[in-house]
Amino acid sequence: MAQLSPILKQATPITVSHAEGLVVVGEDGRRYLDFTAGIGVTSTGHCHPRVVRAIADQAGKLIHGQYVTVKHRPLLTLCDRLEQVLPAHLRSLFFVNSGSEAMEAALRLVRQATGRPNVIVFHGGFHGRTVGAASMTTSSTRFRTGYAPLMGGVHIAPFPHAYRYGWDEAEATRFALQELDFLLATVSSPDDTAALVLEPVLGEGGFVPANTAFLRGLRERADRHGFLLVADEVQTGVGRTGRFWGHQHFDARPDVLVAAKGLTSGLPLSFIAAPEALMGKALPGSQGGTYGGNAVACAAAIATLDVIEDEGLVGNAAFQGRRLADGLRRIAADNDVIGDVRGLGLMLGCEFATPEGEPDPAAALRVQQEALGRGLLLQIGGPWRNVLRMLPALVVTDQQVDEALQIISDAVKTAQSTDNRPQPPRPDR
């Protein structure tokens with residue numbers, strides 16, 4: 001019998017029967033509260049009725065209209081809807097399927113538009129698994145090992161990760177900008193640098209936010225040297241951080257924006273956005289693809305954007321994110337196994353550390369498994385796999401936040417009381 005690759009390691013043994021909102025039900029009938037949202041994808045919750053209806057209606061009219069062959073109404077309507085939420089200078093759109101594919105498109109664009117070969121990324125960033133995207137990824141060696149040689153022309157500068165360095169935010173920012181200038185003086189000349197590529201909040205790298213001084217420093221250097229600033233908003237976009245785009249927390253102005261994940265509530269769709277003059281510098285034939293701008297995915301995206309607006313979900317992400325963060329900090333204050341709580345909106349992480357301040361991935365895993373046993377789905381991230389990640393759907397309620405906090409509190413206390421790693425629940429099949 002054909003089986004999934006053994007390399008695909010599931011975080012839980014659950015086989016889902018059905019799901020609604022933040023509730024996932026296994027085939028054994030057990031209920032789970034989902035604080036993963038498919039890694040930040042199901043922004044309006046599982047199977048929001050308006051999104052389901054839009055998908056069903058569009059599937060009965062046109063499933064696939066290849067968009068360099070024909071245009072279709074959902075694609076054109078989605079362009080209009082995105083104009084309402086994108087920064088005013090980003091009006092030219094190119095659609096593909098995944099975050100990795102969109103990052104590859106952004107990479108091609110900035111190199112072709114500037115005629116320069118190099119890009120600078122920041123330590124801890126995750127940009128995808130395809131060759132170009134993996135070459136820009138530094139959140140973990142597991143995305144790069146055994147894949148060499150990767151693409152050339154990628155250089156790495158520090159990210160202002162204050163907790164890792166043991167500094168305050170101002171000192172970490174000063175260091176990161178200073179080292180960027182040193183890199184431009186010693187490794188990648190500004191004349192050879194096409195772009196800086198940045199996640200406003202490190203995702204796989206451990207949910208570490210950037211800051212206003214850092215983004216202003218990047219913008220100033222981009223303007224001074226004539227290279228571009230690319231905001232990878234694959235995980236931070238579409239309301240996830242309590243603003244529609246993560247970079248908006250930092251008064252930043254990207255030249256290229258990359259989005260995916262929460263855009264459709266579950267179907268594959270991504271895009272890059274740039275000024276028309278910049279997008280027009282891409283070379284003929286460099287943009288295309290079979291499935292990009294799929295009609296059903298576009299219909300789901302329109303419905304998702306409508307739900308986010310009509311239900312005030314960006315504001316809810318900000319409000320519930322503050323409640324969740326405050327609760328996590330109270331738990332951390334009572335449990336010294338948690339070294340840091342950080343993030344923005346509904347993109348929050350708890351970093352587990354030993355009393356000596358060393359990363360403690362075993363503690364993170366124990367808590368994640370204890371929480372699973374109590375009916376809460378969480379994921380682990382960070383370079384050392386010691387960050388418990390929380391990405392609930394933007395529709396999360398007071399009651400669900402409180403339920404999750406109680407489970408996490410109990411899980412942390414139980415995990416600290418035993419040195420034995422708990423066994424995960426038995427699979428439901």
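User: What makes up the contacts between residues at least 6 apart in sequence in this protein?

Analyst: In this predicted model, 73% of those contacts join residues at least 24 apart in sequence. A contact here means heavy atoms within 4.5 Å.

User: How do you know how compact the protein is?

Analyst: Let's start with what it contains: 13 helices and 17 strands. Its radius of gyration is 21 Å, and the globule rule gives 22 Å for 429 residues. Those two values are close, so the protein is as compact as a globular protein of that length. Along the principal axes, its C-alpha trace spans about 60 × 55 × 45 Å. Buried residues account for 58% of the 429. The protein exposes about 18100 Å², with carbon and sulfur atoms supplying 52% of that area.

User: Why is asparagine 211 called buried or exposed?

Analyst: Good one to practise on! Buried means under 20% relative accessible area. Asparagine 211 has 4% relative accessibility, so it counts as buried. You can find this residue in the loop between β9 (208-209) and α8 (212-225). Leaving aside residues up to four places away in sequence, asparagine 211 touches Pro160, Glu169, Thr173 and Phe250.

User: What makes the pairing of asparagine 211 and threonine 173 a polar contact?

Analyst: The cut-off for such a pair of N or O atoms is 3.5 Å, and the side chains of these two residues are joined at 2.8 Å. The side chain of asparagine 211 also has a polar atom 3.1 Å from the backbone nitrogen of alanine 213.

User: And why is cysteine 47 called buried or exposed?

Analyst: Exposed means over 50%. Cysteine 47 has a relative accessible area of 51%, so it is exposed. Its place is in the loop between α1 (37-40) and α2. Look at its backbone too: phi is near 55 degrees, a positive value in a residue other than glycine.

User: How do you know whether serine 265 is buried or exposed?

Analyst: Set its 11% relative accessibility against the cut-off: buried is under 20%, so serine 265 counts as buried. This serine lies in the loop between β11 (256-259) and β12. Although serine 265 is not a glycine, its phi is positive, at about 65 degrees.

User: What makes the peptide bond from alanine 148 to proline 149 cis or trans?

Analyst: Its omega is near 0 degrees, and the bond is cis. Proline 149 sits in the loop between α5 (131-135) and β6 (154-157).

User: Which residues of helix α3 are buried, and how do you know where on the helix they lie?

Analyst: Helix α3 covers residues 73-83, and its buried residues are Pro74, Leu75, Leu78, Arg81 and Leu82. Seen down the axis of α3, they fall within an arc of 120 degrees, so they line one face of the helix. Among the elements that cover them are α2 (49-59), β4 (92-96), β12 (270-274) and α10 (295-310).

User: How confident is the predictor, by pLDDT?

Analyst: On a scale from 0 to 100, the mean pLDDT is 95, and 97% of the residues reach 70 or more. Over residues 420-429, however, the pLDDT is below 50. This stretch has 21 contacts in the model beyond near neighbours in sequence. Where pLDDT is low, the predicted coordinates should not be read in detail.

Key. Residues are numbered from 1 along each chain as its sequence is written. This is a predicted model: local features need pLDDT of at least 70, side-chain atom pairs count only at pLDDT 80 or more; totals for chains, interfaces and linings use all residues. Side-chain values use heavy atoms; hydrogens and water are left out. Buried means under 20% relative accessible area, exposed over 50%, partly exposed in between (1.4 Å probe, protein chains only). Helices (H or I, at least four residues) and strands (E, at least two) are DSSP runs, numbered from the N terminus. The arc is that of the directions from the helix axis to the C-beta atoms. A polar contact is a pair of N or O atoms within 3.5 Å; within protein, one must be able to donate a hydrogen and the other to accept it, and residues adjacent in sequence count only if both atoms are side-chain atoms. The radius of gyration is taken over C-alpha atoms; the globule rule is 2.2 Å times the number of residues to the power 0.38. Accessible areas come from the Shrake-Rupley method with a 1.4 Å probe; for residues, only the protein chains shown count as cover.
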